[in-house]
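Trainee: I should like a close look at a single part of this model, followed by an account of how other parts compare with the whole. Please take me through it in one connected answer.

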Amino acid sequence: MIQTLLIELLTEELPPKALAKLGASFAAGIKNGLEARDFLEDDSVATAYATPRRLAVSITHVRSMSPEKSIRVKVLPLSVALDANGAGTAPLAKKLAALGFPDVAVADLERAADGKADSFFYTYTAPGISLRAGLQAALEEASAKLPIPKLMSYQRPGGTTVQFVRPAHRLMALHGTRIVPLTLLGLSAGATSLGHRFLTADGARPIPFAHADNYAETLACEGKVIASSEARKEKIRAQLLEKAGPDQVLMPEALLDEVCALVEWPVVYECHFEEEFLSVPQECLILTMQTNQKYFALTDAEGKLRSRFLIVSNIETATPSHIIGGNERVVRPRLSDAKFFFEQDKKKTLESRLPLLANVVYHNKLGSQAQRMERVKALAAAIAGKLGFDVALAERGAMLAKADLLTGMVSEFPELQGIMGTYYARHDGEAAEVALAASEHYQPRFAGDSLPSSATGTAVALADKLETLVGIWSIGLQPTGDKDPFALRRHALGVLRMLIEKRLPLSIQALLGDAAKQFAAIPGFHNPAQEVTVFMLERLRGILRERGFSPSEIEAVVAQNPDRVDDIVQRLEAVQAFAALPESASLAAANKRITNILKKTEAVLSEVDPSLLQEEAERALAAAVKRAQPDVDAAFERGDFSATLKRLAQLRDQVDAFFNNVMVMADDVALRNNRLALLSCLHGMMNRVADISKLAA
């Protein structure tokens with residue numbers, strides 16, 4: 001019999017941040033366990049369900065009995081199984097008994113090659129097992145492997161101690177209309193569950209399920225529970241948008257997921273707080289509403305915070321005034337705290353807080369935050385000077401960038417560091433770019449984040465990230481495997497993105513060298529510039545792959561170990577255009593050949609001597625190179641890399657003719673060196689934009 005299978009485990013409220021993983025693991029574990037035991041059809045589909053009080057899975061097309069299987073097992077090598085007379089040995093009889101076949105004769109065994117020797121094998125038909133047996137094992141395996149954050153011990157009636165994520169109260173197991181008699185956590189399976197604690201007429205009254213196919217519908221209609229996490233989440237999203245009206249609702253996915261894991265029947269209500277709180281920076285209010293209360297803030301079309309907000313309740317009622325009033329009373333102290341911290345912080349300037357940075361340890365091997373600030377300040381000034389930015393603003397921005405770490409607001413809400421620095425700097429009357437640098441120097445904070453918008457913010461952001469890269473790497477805390485506690489990968493990506501996207505004409509080696517100079521006073525400082533360069537080039541490859549360039553195109557540019565990356569995208573686009581030309585394959589192969597030839601020569605090559613050009617093909621190539629040189633130089637100097645490579649593509653016929661008709665490694669040393677000098681000149685021209693030999697198949 002093939003029917004839909006339903007398993008539900010009813011519990012106390014599950015940890016909301018772990019619910020999605022618990023639900024997915026529970027469903028996948030049971031499905032995989034049944035699949036391994038051959039209870040599923042090819043078209044079986046598993047659907048996971050998870051609510052604050054239950055983990056469940058529905059699987060279509062599940063067999064009531066697994067099919068018979070033909071199994072071939074190795075018994076023993078012939079050298080052990082047979083004696084000198086060819087009769088079965090005692091070890092053979094013992095092995096067959098252990099396998100459960102004590103009556104099998106030697107004649108019933110199959111002789112077959114097994115590596116370098118022959119062995120006995122036995123093929124038998126294993127009977128199928130019942131769904132009860134297979135599902136019991138699969139359920140126990142799935143439960144044991146759940147990603148439980150912390151086990152809870154509790155007692156079942158009768159005094160038995162059980163461990164699970166939360167106390168479990170009911171187990172339901174239906175195969176079609178039939179109960180599968182399973183046990184788990186001291187529970188015996190039945191065909192009933194419980195609905196919503198408060199929205200059903202009697203939350204403790206069991207809800208019977210007639211068929212496994214009707215789980216979600218029955219639970220919703222009879223129990224006021226939406227079993228599907230995705231369905232609940234979409235209902236929340238739709239209600240939030242409806243209640244928001246013309247305003248914008250801030251609903252980060254993480255908050256939606258967490259709220260979804262807190263309710264079984266979501267209902268959205270509108271609440272308000274006093275307008276006076278809007279004098280506090282809105283980031284503070286939004287953060288406290290989202291983090292502490294799980295509320296959804298609203299902004300107007302211009303992004304300005306509104307004094308109304310939305311809550312997701314687990315109770316549906318026509319008179320929600322108590323729910324609304326209760327939530328408004330709860331949020332008020334939180335907003336009052338934020339207002340208090342903001343008003344208190346404004347009484348002291350950021351500059352007056354700087355001496356206290358000496359009491360904040362950055363790293364015991366690298367000193368305090370005050371010492372780090374001085375390093376970042378000097379490095380930001382150096383970067384600003386190279387780029388023609390205002391050095392004084394860069395120094396001031398770097399000096400104040402970390403001062404908000406000492407404020408009450410950031411102490412309460414660490415996520416607001418930088419953001420509050422900008423507000424307080426503006427309040428102190430600092431220059432606009434200095435104030436902006438307090439928040440912008442953290443950018444980009446994650447993949448896809450925006451870059452600093454101001455010159456000062458850019459200089460300080462580069463300095464901050466470079467100081468971290470060099471300093472942390474120098475004390476042996478570079479990333480290993482998936483561990484990167486100081487986010488050095490993110491810092492390297494941030495530096496590269498700024499250099500590339502802002503087209504900053506800065507040398508990576510010079511930047512790392514300037515950063516290393518700031519650590520001169522650190523005893524035993526090891527300069528990791530070369531290692532960090534290699535690390536950054538690996539990150540560069542990743543950035544370029546995400547932009548859609550192929551591995552061979554990327555290697556053509558990155559294999560040259562570029563010290564500047566402000567034009568690297570333009571170089572790659574030129575390489576892409578060149579690779580599409582009909583001449584590219586021939587020239588790439590020729591360039592690869594030239595590279596290999598020049599690697600093997602130890603001769604000191606000088607200018608090409610026209611008088612030593614004997615063959616027609618080498619004279620033609622020399623003339624073509626001479627004609628192309630000014631065009632190539634001019635195109636390269638103006639940054640037109642595509643024109644550079646297209647001009648080189650015009651040399652294909654002469655290059656092909658040269659290799660077809662000229663012996664480069666001639667016996668005559670003068671001829672040989674002259675031909676090598678010609679190839680060296682050509683090689684230099686061909687590889688100015690990229691190493692096009694990397695395009696060769």
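Mentor: Apart from its neighbours within four places in sequence, Ser-64 is in contact with Met-1, Phe-39, Ile-129, Ser-130, Leu-131, His-175 and Arg-178. Ser-64 lies in the loop between strand 3 (54-63) and strand 4 (69-77). With a relative accessibility of 19%, Ser-64 counts as buried, because the term covers values under 20%. The model in which these contacts are found is a predicted one.

Strand 3 also belongs to an open sheet, in which 5 strands follow the order 2-3-1-9-10 with antiparallel pairing. At the edges of that sheet are strand 2 (46-51) and strand 10 (178-179), each of which pairs on one side only. Within the sheet, strand 1 (residues 2-11) and strand 9 (residues 168-175) are joined in the antiparallel sense by 7 bridges. One position in this pairing is Thr-11, which stands opposite Ala-168 of strand 9. Two of the contacts of Ser-64 can be placed here: His-175 and Arg-178. The range of strand 9 is 168-175, and that of strand 10 is 178-179.

A second site is helix 7, residues 253-260, where Leu-255, Leu-256, Glu-258, Val-259 and Cys-260 are buried. The cover over these buried residues includes helix 6 (229-244), helix 8 (282-293), strand 17 (296-299) and strand 18 (305-313). As a general point, an α-helix has 3.6 residues a turn, so residues three or four places apart point the same way.

Cys-260 leads to the matter of disulfides, of which the count is 0. Cys-221 takes part in none, and the nearest cysteine sulfur to its own, that of Cys-260, is 19 Å away. Seen from the other side, the sulfur of Cys-260 has its closest cysteine sulfur in Cys-221, and no bond is possible because 19 Å is too far. The cut-off for a disulfide is a sulfur pair within 2.5 Å. The surroundings of the two residues may be set side by side: Cys-221 counts as exposed because its relative accessibility is 63%, whereas Cys-260, at 4%, counts as buried.

A third site is Ala-435 in helix 15 (residues 432-440). Its relative accessibility is 0%, so Ala-435 counts as buried. Not counting residues up to four places away in sequence, Ala-435 touches Thr-422, Ala-425 and Arg-426. Leu-613 stands 178 residues from Ala-435 along the chain, and the C-alpha atoms of the two are separated by 67 Å.

These sites can now be set within the whole. The protein has 26 helices and 20 strands, and buried residues make up 50% of its 697 residues. Its radius of gyration is 36 Å, while a compact globule of 697 residues would have one near 26 Å. Along the principal axes, the C-alpha atoms fill a box of roughly 105 × 100 × 50 Å. Of the contacts between residues at least 6 apart in sequence, 68% join residues at least 24 apart. The accessible surface comes to about 32,300 Å², and carbon and sulfur atoms account for 52% of that surface.

Note on methods
Residues numbered from 1 in each chain as written. Predicted model: local features only at pLDDT ≥ 70, side-chain atom pairs only at ≥ 80, totals over all residues. Heavy atoms only, no water. Buried < 20%, exposed > 50% of the residue type's maximum accessible area, 1.4 Å probe, protein only. Helix = DSSP H or I, 4+ residues; strand = E, 2+ residues; numbered from the N terminus. Contact = heavy atoms within 4.5 Å. Pairing = 2+ DSSP bridges. Rg over C-alpha atoms; globule rule 2.2 N^0.38 Å. Areas by Shrake-Rupley, 256 points an atom, 1.4 Å probe, with all protein chains shown as cover.
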